[in-house]
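Please walk me through this protein model, one part at a time. I would like an explanation in plain terms, with each technical word defined where it comes up.

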Amino acid sequence: MSTGGAEAASAAAEGMASAAYLAGDAVREARELVAELCRHFYLQGWVTGTGGSITVKANDPAVPLAQQLIVMSPSGVQKERMVADDMYVMAADGKIISAPRAKPWPHKHPKCSDCAPLFMKSYLMRGAGAVIHSHGMETCMATMLVPGAKEFRMTHMEMIKGIKGHGYRDELVIPIIENTPYEYELTDSLAEAIKAYPKATAVLVRNHGIYVWGDSWINAKTQAECYHYLLDAAVKMYQLGIDWTTPEHGPINSAKRLRTVISPDVPNGAHAAKSSKRCVVLDIEGTTTPISFVTDVMFPYARDNVRKHLISTYDSEETKEDIELLRIQVEEDLRNGVVGAVSVAPSDAGKEEVINSLVTNVESMIKADRKITSLKQLQGHIWRTGFESKELHGVVFEDVPGALKDWQSHGVKVYIYSSGSREAQRLLFGHSSHGDLRQYLCGFFDTTTGNKREARSYFEITKSLGVDKPSEILFITDVFEEAVAAKSAGLDVIISIRPGNAPLPENHGFRTISSFSEI
């Protein structure tokens, strides 16, 4: 047979296989499942008034997830009355390959979901197996609790354990994007949120609803139920005056003010007559923790174990995500001529080649102390192994535990803002030589919030914390450039002077301390 004949035969065989897949049990069952879920979610109040939508991959074990057909509920129709034949079927790239028939008046013609472009972002950027878009009342109201906030935060609630990658003591962070007149206009902002929050499995749309995804319809449904429960709890806690963002869940805004917070403009040793601080935000290196612990213990541990970690976890979804983030970063580094960057071997080059190229890049990034999300996320996963195996123990200065307890007892919320990933921060404080200190912390910020030397990052933190004005936040750091950025955003700032910290410029203009006991 000629080459052209062979190619034609192959294409014909592929077409027959695709037709068989479309007409097979996997697609039929997915259609029926979406109709069933729509009826169920209607009763929950998630898809009333024809709003909301659901989509699932047609699961055929013979077809890779990335190539599986997509079944999607239509827009503008009564969700509780839909049947299997009302569904759209799409190729993996979003192209419509099967559309439902029009129904007689007064039914509207079922059109392709306005959510389709947003669903595709979840499929393509997260490798999702199902996505749920809900208009549940709680998902809308929760975005109104802190006007202008870019994130919803909650901690110490049992149902947080139902969210992928979270435990009871972890802080749940859901990005919030602003609503638009038309659903498709949300596509870019949703994609930006997915990229900025690599661990998120949901995005809230202010005054609108929520998008939730999972690797299967069961996982997406389970998480959606947990999100709705938690958001509903937050609204009810707000109505009762209970703070949903802190571990102790005390009364909102009724706690005592910090007794002795000193204004940066007040000379050392003198106490401000009145304090208006509601929050303290702490850096880690050189502030709560010796720089030497990070440079001499944490970094070497990550560097020495990166190959071992990648080999042992190479096929896990978590490590696949880490590798993809590193690929993106390395490609950017190569375009910008960053010293030490080398091309990452393609996946089909084999596991060993991919790992060798990754190790070379990671070692170079660590040596240069790069403050980039892809490196910090991988380091966090390596450190997790070290902390869980008790090879690592978090180190903090002796004055830190007492200060954290004192701040909490006086109603001051304490947060961490570090270039290390949120997971790495939780590990350090959760496995410290003084025990689990996370009980005194209300939340964690990392480079997904923004560069620590840029004022806009502190503006974002101010919005997230829900204070009336930036000056209600005290930021403590050892880095002069971070202090300048925070001050320009309106925060009060104190610079920490600890052993091993870099010297400060003369006449820097900031108040300094050598121990939290001085505050």
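Serine 113 sits in the loop that joins strand E4 (96-98) to helix H3 (116-126). Helices (H or I, at least four residues) and strands (E, at least two) are DSSP runs, numbered from the N terminus. The model is predicted, so local features need pLDDT of at least 70 and side-chain atom pairs count only at pLDDT 80 or more, while totals for chains, interfaces and linings use all residues. Residues are numbered from 1 along each chain as its sequence is written, and side-chain values use heavy atoms, with hydrogens and water left out.

Serine 113 counts as buried because its relative accessibility is 4%. Buried means under 20% relative accessible area, exposed over 50%, and partly exposed in between (1.4 Å probe, protein chains only). The side chain of serine 113 reaches the backbone nitrogen of cysteine 115 at 3.0 Å. Such a polar contact is a pair of N or O atoms within 3.5 Å; within protein, one must be able to donate a hydrogen and the other to accept it, and residues adjacent in sequence count only if both atoms are side-chain atoms. Apart from neighbours within four places in sequence, serine 113 is in contact with Ser53, Met72, Ser73, Pro74, Ser75 and Phe119. Contact here means heavy atoms within 4.5 Å.

Pro74 also appears among the contacts of aspartate 86, together with Arg81, Pro100 and Lys103, when neighbours within four places in sequence are left aside. Aspartate 86 lies in the loop between strand E2 (70-72) and strand E3 (88-90). With 7% relative accessibility, aspartate 86 counts as buried. A polar atom of its side chain lies 2.9 Å from the backbone nitrogen of valine 83. Aspartate 86 and arginine 511 are 425 residues apart in sequence, and their C-alpha atoms are 66 Å apart in space.

Another residue to look at is arginine 153, in strand E6 (residues 151-155). Is arginine 153 buried or exposed? It counts as buried, because its relative accessibility is 5%. Its side chain makes a polar contact with the side chain of glutamate 151 at 2.9 Å. A polar atom of the arginine 153 side chain also lies 3.3 Å from the backbone oxygen of phenylalanine 444. Not counting residues up to four places away in sequence, arginine 153 touches ten residues, including Glu171, Trp244, Arg422 and Ser464.Histidine 156 is found in the loop between E6 and strand E7 (171-177). Its phi is near 50 degrees, a positive value in a residue other than glycine. Most residues other than glycine have a negative phi. Histidine 156 counts as buried, at 10% relative accessibility. Asparagine 507, in the loop between strand E14 (492-496) and strand E15 (511-513), has a positive phi near 55 degrees. Asparagine 507 is exposed, with a relative accessible area of 78%.

The helices come next. Two packed helices are described by the angle between their axes and the distance between the axes. Axes are lines fitted to C-alpha atoms, for helices over the stretch in contact, and angles run from 0 to 180 degrees between N-to-C directions. The axes of helix H2 (residues 25-43) and helix H6 (residues 217-239) come within 13 Å and cross at roughly 10 degrees. H2 and H6 are therefore roughly parallel to each other. Angles under 35 degrees count as roughly parallel, over 145 as roughly antiparallel, 65 to 115 as roughly perpendicular and the rest as oblique. Leu33, Leu37, His40 and Phe41 of H2 meet Trp217, Lys221 and Glu225 of H6.

What angle do H7 and helix H10 (residues 373-388) make? They pack at about 90 degrees, with their axes 9 Å apart. That makes H7 roughly perpendicular to H10. Among the residues in the contact are Met298, Phe299 and Tyr301 of H7 and Leu378, Ile382 and Trp383 of H10. By class, this contact of H7 with H10 has ten nonpolar, six polar and one charged residues. Ala, Val, Leu, Ile, Met, Phe, Trp, Tyr, Cys and Pro count as nonpolar, Asp, Glu, Lys and Arg as charged, and the others, Gly among them, as polar.

Trp383 is also one of the residues with the most contacts inside the largest nonpolar core, which has 54 residues. A nonpolar core is a set of buried Ala, Val, Leu, Ile, Met, Phe, Trp, Tyr and Cys residues joined through side-chain atoms within 4.5 Å. Helix H7 (residues 291-313) gives the largest share of this core, eight residues. A second, separate core of 49 residues includes Val56, Val71, Leu145 and Ile174.
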